[in-house]
Every structure is written in structure tokens, then in C-alpha cells.
Amino acid sequence: MTEPAPGASRPDGWPARAVVTGAAGLLGSHLCRRLVAEGSEVVGVDNLSTSDGTNLDDLGGHPRFRLVEADVTAGIPVDGPLDAVLHFASPASPPDYLRLPLETLRVGSAGTWHALDLAEANGARFLLASTSEVYGDPLAHPQDERYWGNVNPVGPRSVYDEAKRFGEALTAAYRRERAVDTAIVRIFNTYGPGMRPDDGRVVSNFLAAALRGEPLTLYGSGEQTRSFCYVDDEVAGILALLRSPLPGPVNIGNPAECSVAELARVVLEVTGSSSPVEHRPLPEDDPTQRRPDITLAASALGWGPQVSLRDG
């Protein structure tokens, strides 16, 4: 791996001024909040296509935070010096990216291009939010960063998977050809405060249904596995990567593997709900196994998750 270009962050490693695209989403909003708490000035950028912006209400009026409503595929209208660009703009839940397929491809391509250009122009460290979906329905288990994946390039989920894979390729090319200081984080399933109850991901689906007394829907047998990381842990890992010289990609996720059926049981226990469980056919290209190998994050960043699924 090549050495990064020198950054302009503060002596303690935190950026003095950062841009976060996708700032109104689950991870974007938590990243903005944490960066501001650490003394960084943050400009959030979001077109509010999959969020109403309320995730950022507590930062409204903060002297070190500003939200710019803009579509990053058309450019990122932020002036002034920067030393970090965190590119998190993208629909991330299956209902959103299946509803917005062309927009998802565009933000992963043109949006990433604009974000990289912004980082290059400022000599800033660039961090790309990639995803475990680049591994597809993996034939290797658990998945480490050397695994190239098993992705259907023309299936319905490909609009998200391939957008992220292109974003990784573009980020790597900017590092090699233009010496931009880049990092790639591969994010595994994340949950926590700020998720939309209707966002279509399994944790929020189960919790919302259980609290309403409605059936919890399991697709297929329910024995397909996932690894769920609490948002505070995920953000800590992402920011550890940002403050490091590591280019990545680096898996950040909780390696505690859990079947979807077991998740349903945990949700029913912690909510005290008597909701029934229903089975429906498995969606096309739904991965059967998903678990991160976080050896690299642990050894190079000293990072590991702290919050158990039940506590989270």
C-alpha cells in the first residue's frame, strides 16, 4: 500500500474542517455530531431524498455546523479550506435503492467523483463509505478485505452493489494517479438511534412491527445470517480510520454472527411483544451469510465493537 499524502488535520488527528455528504442519514448524522463534539467545524451536505433532516435538529444553530441542501451528483457547493471529506451520500436500504436505482448509481459514480475532486483541490483526506454489499452473496466466510466478492452485476440489488464497487475503484485510482490521501471503509449492518422506522432494514422493521404488535416478517427460512453493529461502535471505527494513515479497504462491523430468526427472537424479548412471526419467499440475490473479519481493524486501528446486540 502506498503512503498517503500529508494531511492538514489538527495535531491531535481530528480534522479542523470537514465535509460530510449524506449528513442527514443514520451514519452521516452521528459522524457530524461526533466531529462537532471533538471541536471540528463540519459542513453537512444532503439532498434529503431519503431523510427529512430531523436527525440533525440538535445541531441546528451550532456555530461549528452548517447543513447545505444539495445533490452531490451535480457538484458539492462548499467553499473554503478543508482537511477531510467523508463521502456517505447514497440510498442505503433496499427499499430506497430499489426505488431510486438510477439515482443510486449516479451518486456512487458522479457523486464520488465530485467528492474526490473536492478532496484533491483542498489536499484533504478522503474517506469513502463503502459496504459489505461489495462481497455480494459471499463464497468465503467470514469476509476479509482480500475477498473479491460474488456479486450479480445485473440483478436488482446491483444498483447499490456496483455503485459502491465503482466508488472503491475510483477512490483507488485517485490515490494511485493523483496522490489523493484516501481511505475506504466497508460498513456492515449498522443500527441505532436515528434510523427511520420505515427504512426497510431488518432491525428497524422488526422493532417497529414488534412495538405495533404486528407480525415480524422472515424471508426464507430465517437462517440467513447477518452481523449487526451498534452505531456508536461503527462511528468510532470509521473515525479511527479517518485519523489513521491507512488507505483500506477496512471492514468495520460486529463479527458476532446472528441469524435473522435469532434477531427476531431478541427483538421480541427486549420489547416484550407478542407479535407473531411470518415467513415469506426470499428476495432475489439476498445474501445467505454475512460476517466481517475485523482482524485488520483490530490490529491497525485498535478498534473493536463494545456494544452487544441485546444491549444495543
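Helix α7 spans residues 260-271, and Val-270 is found in it. In this predicted model, Val-270 counts as partly exposed, because its relative accessibility is 46%, a value that falls between the limits of under 20% for buried and over 50% for exposed. Val-270 does not stand alone at the surface, for together with Leu-207 and Leu-211 it forms a nonpolar patch whose accessible area adds up to about 270 Å².

From this patch the reader can turn to helix α5, which comprises residues 202-212 and whose buried residues are Val-203, Ser-204, Phe-206, Ala-208, Ala-209 and Ala-210. These buried residues pack against helix α7, and also against the strands β7 (190-191) and β8 (216-219). After α5 comes Gly-213, a residue with a positive phi, near 75 degrees.

The charged residues offer a second route through the model. Side chains of opposite charge can pair when their charged atoms come close. The structure holds 20 salt bridges, and three of the pairs are followed here, beginning with Arg-186 and Glu-168, whose closest N and O atoms are 2.7 Å apart. Arg-186 lies in strand β6 (residues 182-187) whereas Glu-168 lies in helix α4, so this pair ties together parts that are 18 residues apart in sequence. Both partners are also covered: Arg-186 has a relative accessible area of 8% and is therefore buried, while Glu-168, at 11% relative accessibility, counts as buried as well.

A further salt bridge is formed where the side chains of Arg-175 and Asp-181 meet, with an N to O distance of 3.8 Å; here too Arg-175 is buried, and so is Asp-181.

The salt bridge between the side chains of Arg-196 and Asp-198, at 3.2 Å from N to O, has another setting. Arg-196 counts as partly exposed because its relative accessibility is 27%, and Asp-198, with a relative accessible area of 58%, is exposed. This pair belongs to a network, in which salt bridges that share partners join Asp-96, Arg-99, Arg-196 and Asp-198.

Two loop positions complete the tour. Glu-133 has its place in the loop between β5 (125-131) and α4 (158-178), and although it sits in a loop, Glu-133 is buried, with a relative accessible area of 11%. The side chain of Glu-133 makes a polar contact with the side chain of Arg-290, at a distance of 3.2 Å.

The other position is Gly-253, which lies in the loop between β11 (250-252) and β12 (257-259). Gly-253 counts as buried because its relative accessibility is 0%. What surrounds this glycine becomes clear once its neighbours within four places in sequence are left aside: Gly-253 is then in contact with Phe-188, Cys-229, Glu-234, Pro-292, Ile-294, Trp-303 and Pro-305. The fold also places the C-alpha atom of Gly-253 at 7.0 Å from that of Asn-189, although the two residues are 64 residues apart along the chain.

Methods. Residues are numbered from 1 along each chain as its sequence is written. This is a predicted model: local features need pLDDT of at least 70, side-chain atom pairs count only at pLDDT 80 or more; totals for chains, interfaces and linings use all residues. Side-chain values use heavy atoms; hydrogens and water are left out. Helices (H or I, at least four residues) and strands (E, at least two) are DSSP runs, numbered from the N terminus. Buried means under 20% relative accessible area, exposed over 50%, partly exposed in between (1.4 Å probe, protein chains only). A polar contact is a pair of N or O atoms within 3.5 Å; within protein, one must be able to donate a hydrogen and the other to accept it, and residues adjacent in sequence count only if both atoms are side-chain atoms. Contact means heavy atoms within 4.5 Å. Patches are made of residues with over 30% relative accessible area and no salt bridge: like charges are joined within 9 Å, nonpolar side chains (Val, Leu, Ile, Met, Phe, Trp, Tyr) within 5 Å. Accessible areas come from the Shrake-Rupley method with a 1.4 Å probe; for residues, only the protein chains shown count as cover. A salt bridge is a side-chain nitrogen of Lys or Arg within 4 Å of a carboxyl oxygen of Asp or Glu.
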